[in-house]
Amino acid sequence: MNALQRQLALSIGLACLSAVVTGLLIFLAYPLPDWSHLWTTELFGLPFILAALGISMSIGIGFGLVYGLFWQRQFQTIESVLHELEQGRRIEAQPGSGVQEVDQIGQRIEKLQQQMGEQVKLSRKLAMEKAEDQEKRMQEIISQERHRLARELHDSVSQQLFAASMLMSAIAETPSSRNERENKQLRMVETMIHQSQLEMRALLLHLRPFALKGKSLQEGMEELLVELSQKVPLAIEWKIEPMQLDKGVEDHLFRILQEAVSNTLRHAQASRLDVLLIERDNLIIMRIVDDGVGFAVESAKAGSYGLQNMRERAMELGGHSKIISLPGQGTSLEVRIPRMMTGGESDD
């Protein structure tokens, strides 16, 4: 039984009961000479007693409908608001209903909504912090594992390649009765070992990338290039002008340099590498040039993660990168980043 039906039944019952009680009191105060007049006397074409009961029931039905519909509307409004709250939607302030108790329920629902909103914000903040913490720990684990692999590769495979290279050089320099074919095979093996060393150096550079760790970009680049010049058979020249840059810019430029050097070691078969970092006309210009075998830029763009990575890093800094390369004519990578004035810097 809903609110409307309940109110109707209650109103009809109360109206009939009131009519009976009132009639009894009247008739007790003013007794009728003959009670049969209640049945024989007609009102609206009906016996008086039936007409009186009918009028009472009609009045009860009228009041029951009015009050039943009123409370049904109030309950529907409360149910609708609670449903919106359950769905997590924002509830707009409801106009006053004219019933104090209903308005108090509305105020409590608004407070409940505020508390739920604060709890949701807190839960999201905790979830974000947890995700960031997990991501940080994951990165630390990955970094530690990469360093472990790099160390083991350096101490085992890299050392064995170096020993093999030295042994091949000693064999090649030893006079013997080898024929031309055998000498050619020895040179091929020596070349393969040499290329393997370069690829191993590039792999170590990826697994254990140098980090600036408080150093300036100039210091980090020079440290990387000095170490490479000592460990790989490349003639490396560089010109790096001192400049003050944001840490984010320095980190991106340093990563681009590492990627470019790694590509040179792995693919270029170069004998020379030139690195330039200068500032001209409010542009930070970094250029890496090798004299290797080169490649077809357009065909390499689509499938090269390294080239895409360098291009995206340059774009994140508001700049762009440009690669010029042709088969057999070396490769040139140039990155141009606009100089952003900060703090007390000025264009003067």
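Two strands pair if DSSP finds at least two bridges between them; strands (E, at least two residues) and helices (H or I, at least four) are DSSP runs numbered from the N terminus. The model is predicted, so local features need pLDDT of at least 70 and side-chain atom pairs count only at pLDDT 80 or more, while totals for chains, interfaces and linings use all residues. Residues are numbered from 1 along each chain as its sequence is written, and side-chain values use heavy atoms, with hydrogens and water left out.

**Exercise 1.** Find the residue of β7 that stands opposite M286, and place the two strands in their sheet.

Solution.
1. Strand β5 (residues 283-290) and strand β7 (residues 331-338) run antiparallel, joined by eight bridges.
2. M286 faces V335 in β7.
3. The open sheet has five strands in the order β3-β4-β5-β7-β6, and its pairing is mixed.
4. At the edges are β3 (235-240) and β6 (320-325), each paired on one side only.

**Exercise 2.** Determine which strands helix α7 touches and which strands helix α9 lies across.

Solution.
1. Contact means heavy atoms within 4.5 Å. Angles run from 0 to 180 degrees between N-to-C directions, with axes fitted to C-alpha atoms, for helices over the stretch in contact.
2. Helix α7 (residues 247-268) packs on the sheet and touches β4 (272-280), β5 and β7; its direction makes about 10° with that of β5.
3. Helix α9 (residues 305-316) lies across β6 and β7, at about 145° to β6.

**Exercise 3.** Decide whether W39 is buried or exposed.

Solution.
1. Buried means under 20% relative accessible area, exposed over 50%, partly exposed in between (1.4 Å probe, protein chains only).
2. W39 lies in helix α2 (residues 37-40).
3. W39 has a relative accessible area of 53%, so W39 is exposed.
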